[in-house]
Amino acid sequence: MKNTLVICSLLIFLFSCTTRQKETANVEVKGFEYAQLVSIEQKSGYKELIIKNPKTLKVESRYVLFPRNSKMKRPKNGKIIEVPVQHMAALSTSFVGMLNAIKSIGAIKATTEEQYISNRQLLKGIKAGRVLTAGYETGLTPEAVLKAEIPLIVFSGFGQPFPNEDKFAQLGVVCMANYDWEEKHPLGKAEWIKVFGALVCKEKEADTYFNQVVKSYRELRKQITSGSETKRNQKTVLCGGLAGDIWYAPAGKSFMAGIMKDAGMNYFYKNTTGTASISLSLEQVFNDDRSCDVWINAEASTLNELFELNSKFRYFHTVREGKVYSYMHDPNYYWEYSQVNPHWLLEDFMRINRDDTPANLHFYKQLK
């Protein structure tokens, strides 16, 4: 009897180990080489999208990307999103750029205000009434979303739930926080295109696009680092602008600071901490500007506009030297396409650093 029990126990143990091995073998992790806050796992019959909290780096949400016509039993360990997603709310212009890159603008049925949109196809949909707009997240009501048959809302996460998220959940609408803006690596933001590729079932298109971005970025980076004149021509750079009485500049570990470094620039505030922005007084920046050669991301499209914002800008060293650059002549285009095309940003900064600035930079113009 004892021998029988031992044999049965051994068989059960071996069977359970074999089952776990099969389950593990069915899991394939989608590689995110640069983005640190997201991953995708291929499970048996579906994918699992995992998003981490930027501050704790712990898993914040799990989303089950379940094939629309699948007859498999749905798992219970995450929020269900039927894919391909046919209708979604994309509440950031950077999401518009990513969906445009994989030719999926038609999936957007709600977005931010019309005045912040550059994409012509999306503008046409807004004007025709096929696409909802919301100035604020609270402007997207459950009633409007339900009427538009939108099952997914993608929004920029700031550590807070989406307004009315519980009510949306009751209606079967999933709210997904996107943390692309918190990525540190210059290529990290762009890699979130793989998330949208998974949502609309265009993984190959997303991978192909991102791989080309990486190739172009690396080629430019190699060209910059191999140039014998890099250090000799390195510009000390001031970046940011004034909002009220506070000057906001990219933090030293931010996406923008990383691209300036890769472009061979000496960013003045490169040694500050954080991945978002730092706050400075105008007086401090005025003194720091004396040591700078270039000012980028001024909040104006002409020098006259800049002086209207604050007459003290006339006395900035970078302004007197005529080395002020901005994207404000077409900010919508910048915000839609700069994050998904970091190689364009890198090329702009490389040219500015080398004083090789033709009239048609990708995003920037020299203020006149």
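This report walks through a pocket, some ring pairs and one serine in the structure above. Keep in mind that you're looking at a predicted model.

**The pocket**

Let's start with the largest pocket, which has a volume of about 1300 Å³. Its lining takes in 37 residues, and the ones nearest the centre are Trp181, Lys189, Tyr327, Trp335 and Gln339. Four elements give two or more residues to that lining: helix 2 (93–101), strand 13 (246–250), helix 8 (255–262) and helix 12 (331–337). Helix 12 is the top contributor, giving four residues. If you sort the lining by class, you get 18 nonpolar, 15 polar and four charged residues.

**Rings in pairs**

Now for the aromatic rings. To describe a pair of them, you give the distance of the centres and the angle of the planes. Searching the whole structure turns up 24 aromatic pairs. Here are two of them:

| Pair | Centre to centre | Angle between planes | Kind |
|---|---|---|---|
| Phe162 and Phe168 | 5.8 Å | 55° | tilted |
| Trp247 and Phe316 | 6.2 Å | 20° | stacked |

Trp247 and Phe316 bring together distant parts of the chain, as they are 69 residues apart. Trp247 belongs to strand 13, while Phe316 is in the loop between helix 10 (303–309) and helix 11 (317–320).

Are these two rings buried or exposed? Trp247 counts as buried because its relative accessibility is 0%. Phe316 is buried as well, with a relative accessible area of 1%. As for the tilted pair, Phe162 and Phe168 are both buried.

Some rings join up into a cluster: ring pairs link Tyr327, Tyr333, Tyr334, Trp335, Tyr337, Trp344, Phe349, Phe363 and Tyr364. You've already met Tyr327 and Trp335, which are among the residues nearest the centre of the largest pocket.

**Lysines over rings**

Rings can also have a lysine over the face. Lys189, another residue from the pocket's centre list, lies over the face of Phe255, 4.2 Å from the ring centre. Likewise, Lys194 lies over the face of Phe32, and here the distance to the ring centre is 5.3 Å.

**A serine in a loop**

Last stop: Ser70. You'll find Ser70 in the loop between strand 4 (59–67) and strand 5 (79–83). Ser70 has a relative accessible area of 25%, so it counts as partly exposed. A polar atom of the Ser70 side chain lies 3.2 Å from the backbone nitrogen of Met72. Along the sequence, Ser70 and Glu82 are 12 residues apart, and in space their C-alpha atoms are 9.5 Å apart.

Notes. Residues numbered from 1 in each chain as written. Predicted model: local features only at pLDDT ≥ 70, side-chain atom pairs only at ≥ 80, totals over all residues. Heavy atoms only, no water. 1 Å grid on protein atoms, 1.4 Å probe; cavity = no way out; pocket = protein on both sides within 12 Å on 5 of 7 lines; lining within 4 Å. Points joined across faces, edges and corners; volume = space filled by probe spheres on them. Nonpolar A, V, L, I, M, F, W, Y, C, P; charged D, E, K, R; others polar. Phe/Tyr/Trp six-rings, centres within 6.5 Å; stacked < 30°, edge-to-face > 60°. Buried < 20%, exposed > 50% of the residue type's maximum accessible area, 1.4 Å probe, protein only. Lys NZ or Arg CZ within 6 Å of the ring centre and 35° of its normal. Polar contact = N/O pair within 3.5 Å; in protein donor to acceptor, adjacent residues only side chain to side chain.
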